[in-house]
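Please open the structure in a viewer and keep the selection tool at hand. The tour proceeds stop by stop, stating what to select and what is found there.

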Protein chains: 2
Amino acid sequence: MGLIVQKYGGTSVGSAERIRRVAERLLATKKAGHDVVAVISAMAGVTDGLIKLARELAPQPNEREMDALLATGEQGASALTALAVNALGGKAVSLSGAAAGIVTDGVHTKAKISHISPRQIHELLAEDYIVIVAGFQGQSPQGAITTLGRGGSDLTAIALAAALKADDCQIFTDVDGVHTCDPRVVSDASKIDEIAYDELLEMAGAGSKVMQSRAVEFAKKFGVGFEVRSSLKDSTGTRAKAETTNMEDVVVRSVSLERDQAKVTIRDVPDRPGCAGKLFSVISAANVSVDMIVQNASSTGTTDVSFTLHKDDLVLAEKILASLVPEIGASAMAATTGVAKLSVVGIGMRSHAGVASRLFACLGEAGVNIQLISTSEIKIAVVIDEGELDRAARATHAAFGLAQPRPAAG
Amino acid sequence: MGLIVQKYGGTSVGSAERIRRVAERLLATKKAGHDVVAVISAMAGVTDGLIKLARELAPQPNEREMDALLATGEQGASALTALAVNALGGKAVSLSGAAAGIVTDGVHTKAKISHISPRQIHELLAEDYIVIVAGFQGQSPQGAITTLGRGGSDLTAIALAAALKADDCQIFTDVDGVHTCDPRVVSDASKIDEIAYDELLEMAGAGSKVMQSRAVEFAKKFGVGFEVRSSLKDSTGTRAKAETTNMEDVVVRSVSLERDQAKVTIRDVPDRPGCAGKLFSVISAANVSVDMIVQNASSTGTTDVSFTLHKDDLVLAEKILASLVPEIGASAMAATTGVAKLSVVGIGMRSHAGVASRLFACLGEAGVNIQLISTSEIKIAVVIDEGELDRAARATHAAFGLAQPRPAAG
């Protein structure tokens, strides 16, 4: 008995048949004695269809109107889900983000939630309704519809769980939880039962796109425990929570993979304050998203700066750098495609030495050459040849004992 | 210089290319010095697609959620139109019906507008925006999205024109105005330049579905003049207005045709108060829409009652009547399909005798047998064999001199 927030992604509501299954699950949760708030994404394909139409009309669509347009996808899917619950004999009401009391700032297409006034949700719950909220959206103080950016329905769910002081939050998706590695690459990859917010955040940054990072950050900030689980099965998924001592027993929680990367190296960048800053501020202003940045210690007054980015952004980056490299006094630029990123993530790393050396040794034994290395407190990432990624993933997954049953971590 | 409300139907915004053309027309109107409010329908096909999905989930969809679902069609098309205007260098903002201040009663799927608070529209117009309002919808005092029934965008436009005291209201559609008859049947059918509200209302009831009747009634009540015209051409259309003396010079304004009708006759209905009432209240409770009702004068204590209905409703009507006919003491029921309705409409009829006799004579000369006759103050309708409808239409159109150039009416 308690209040449960459930979030269903676009694949989970991708057809009438799937919407009906979501409705059945909502009803089952209600019948088990819980109050239920559901957050629904747009049906798979709908958002992309709307974006395509918009781009036909406007190469750079007005952001206010883009928000008004895209928000209709979640509103429609929410109404359909409510229709399905009612048709199955339940009581459900759908609400737009605005009607649900989600107030955001006025920054269109990437609004931040300022606060939630869940008065109407509470009233409807008291009247025994299953309340179905359109994900991904809110309303600015001026009354304009705003959206929360890609994956924003995750944030809607976590933020509602916090505002409603929900007893649980369940993120339903088309996989049955967070895995130790991509099961399509590593056959004995296993579902992770418990994960720390920080690990999920690092994994998202490392290419494992399970949940929107902002949603996880929000959950961390407000201590919202949640579970990532499958909308297609009935099995338990992965529970995300604040770190516990016990969690540190596992040194490495997962191996994350990111393909389609490119690597750029700028040679002989003058080792002066502001040089690297200028480089990346110009690139970022062009909306090129840069990932790993590596700069070696300088002894000669110049240094080499390398970074990775998605290969699709490389042409634009090269164009920008062609004039920028001489401008900042660097000597040359070299770009490579066909590289990928492998990262090991785990909060247990903090208290265990030797993770890096074990990773490098295992990759060495597998004959995988490391091109770049970058580390954070709970992550080690390496850039390697994309053709060697699968082999490297299997070797790393085995070396850190991630296959089921898990051996005691070292 | 003034305020113009323009309404565009689903075909007019049926593709990105057509939306762009609408945007160009809005901009041209704005550049001509007018303030512009546009009312937009859902893109052709979108509403039907949503209804199909809803019916897959719920044979009798919850009406509140149906409204929430269908309203997204108009909201999306409005946002796309605003995107297109902005992309062409104009300034446009889209508003949902609720945001536009359209307040309705709480009767879902066929809400009535209670009042309009156009504060936000006025503010946006003052800031030089083209204001684009999602048609067909409003908001109940409780904050639920409501819709105004089929063709409701016409009503949105007329009601906004009234509330904003607009200088003109233009209903853009895929035909270039109201015609003297269906041009596919009568090759010399011509566009009508001016028409009275009452004529439009009778024509809608007679099968000429140019505009939603409620919208015309609203226009009549509040004296909103409007023009029905083509979104594909630049020609002037048909202007609807309150009746003028001059208008009465034309005895018959148009010949309206309605196919796919069925005729039911109930024999020997007891001529007692309440008998016919019971008949039609039971039929209407089953959502069967009955059109012409004809009852002959009684001399024997019983009478025959005939009525027409759409042929698709006949099976249901027959099922209901099978038990109802003996219950009310009638003797038998006879049903005919393959009939159609031809109506002549014109406010000039009121002051001219002999319209009925001229119609009957011309049909007789054309060898068309009349099965039922029903008249109102400004309409005469006959039921005839559907196979004879086209011939009857051409003969009637000619007999009343409706081809261009119009002869003086008698």
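Helices and strands are named here as DSSP runs, a helix having at least four residues and a strand at least two, and they are numbered from the N terminus. The model is a predicted one.

**Stop 1: helix α6 of chain A**

Select residues 197-205 of chain A, which form helix α6. How many of the nine residues of this helix are buried? Eight of the nine are, so the helix is largely enclosed by the rest of the structure. A residue is called buried if 20 or more other C-beta atoms lie within 10 Å of its own. The buried residues of α6(A) include the acidic side chains A:Asp198, A:Glu199 and A:Glu202. A:Tyr197, A:Leu200, A:Leu201, A:Met203 and A:Ala204 are buried as well. Next, select A:Gly207, just after α6(A), where phi is positive at about 110°.

**Stop 2: the domains of chain A**

Colour residues 3-174 of chain A as domain 1 and residues 255-399 as domain 2. Between the C-alpha centres of these two domains of chain A the distance is 37 Å.

**Stop 3: the eight-stranded sheet of chain A**

Now display the strands of chain A. An open sheet of eight strands runs in the order β3-β6-β2-β1-β9-β11-β12-β10 (chain A), with mixed pairing. Which strands stand at the edges? They are β3 (92-95) and β10 (194-196) of chain A; each has a single partner strand, so one side of each is left without a neighbour in the sheet. From one strand to the next, the twist averages 25°.

Begin at the edge strand β10(A) and select strand β12 (residues 238-241) of chain A with it: the two run parallel and are joined by three bridges. A:Ile195 has A:Ala240 of β12(A) as its bridge partner. Keep A:Ala240 selected and add A:Phe226, which stands opposite A:Ala240. Strands β11(A) and β12(A) are antiparallel, with three bridges between them.

Continue to strand β9 (residues 168-173) of chain A, which pairs with strand β11 (residues 226-230) of chain A in the parallel sense over four bridges. Within this pair, A:Gln170 is found opposite A:Glu227 of β11(A).

**Stop 4: the corresponding strands of chain B**

Move to chain B and select residues 168-173 and 226-230, which are strands β9 and β11 of chain B; they run parallel and are joined by four bridges. B:Gln170 has B:Glu227 of β11(B) as its bridge partner. Add strand β12 (residues 238-241) of chain B, which pairs with β11(B) in the antiparallel sense over three bridges. Here B:Val228 stands opposite B:Thr238 of β12(B).

**Stop 5: the interface and the axis**

Show both chains together. In the contact between them, 28 residues of chain B meet 28 residues of chain A. On the side of chain B that touches chain A, the elements giving two or more residues are α1 (16-31), α2 (46-57) and α3 (63-87) of chain B. Which element gives the largest share? Select α3(B): the largest share comes from this helix, with 14 residues. By class, this side of chain B has 18 nonpolar, seven polar and three charged residues.

The interface residues of chain B are also, at 100%, interface residues in chain A, so the copies meet through the same surface.

A turn of 180° and a shift of 0.1 Å along the axis lay chain B on chain A with an RMSD of 0.1 Å. The two copies are thus related as by a two-fold rotation axis. To locate this axis, select B:Thr72: in chain B, its C-alpha is the nearest to the axis, at 2.6 Å.

**Stop 6: β16 and α11 of chain B**

Select B:Ala332, which belongs to strand β16 (residues 332-345) of chain B. Is B:Ala332 buried or exposed? B:Ala332 is exposed, with 11 other C-beta atoms within 10 Å. Its C-alpha lies 9.7 Å from that of B:Asp304, 28 residues apart along the chain.

Finally, select helix α11 (residues 389-399) of chain B, whose buried residues are B:Leu389, B:Ala392, B:Ala393, B:Ala395, B:Thr396 and B:His397. These buried residues pack against β13 (254-270), β16, α10 (355-365) and β18 (379-385) of chain B. The last selection is B:Gly401, just after α11(B), which takes a positive phi of about 60°.

Key
Residues are numbered from 1 along each chain as its sequence is written. Chains are lettered from A and ligands numbered from 1 in the order in which they are written. This is a predicted model: local features need pLDDT of at least 70, side-chain atom pairs count only at pLDDT 80 or more; totals for chains, interfaces and linings use all residues. Domain bounds come from an automatic or database domain assignment. Two strands pair if DSSP finds at least two bridges between them. Axes are lines fitted to C-alpha atoms, for helices over the stretch in contact, and angles run from 0 to 180 degrees between N-to-C directions. Two residues are in contact if their C-beta atoms, placed from the backbone, lie within 7 Å. Ala, Val, Leu, Ile, Met, Phe, Trp, Tyr, Cys and Pro count as nonpolar, Asp, Glu, Lys and Arg as charged, and the others, Gly among them, as polar. Copies are superposed by least squares on the C-alpha atoms of residues with pLDDT of at least 70 in both. A residue is buried if 20 or more other C-beta atoms lie within 10 Å of its own, exposed if 12 or fewer, and partly exposed in between; C-beta atoms are placed from the backbone.
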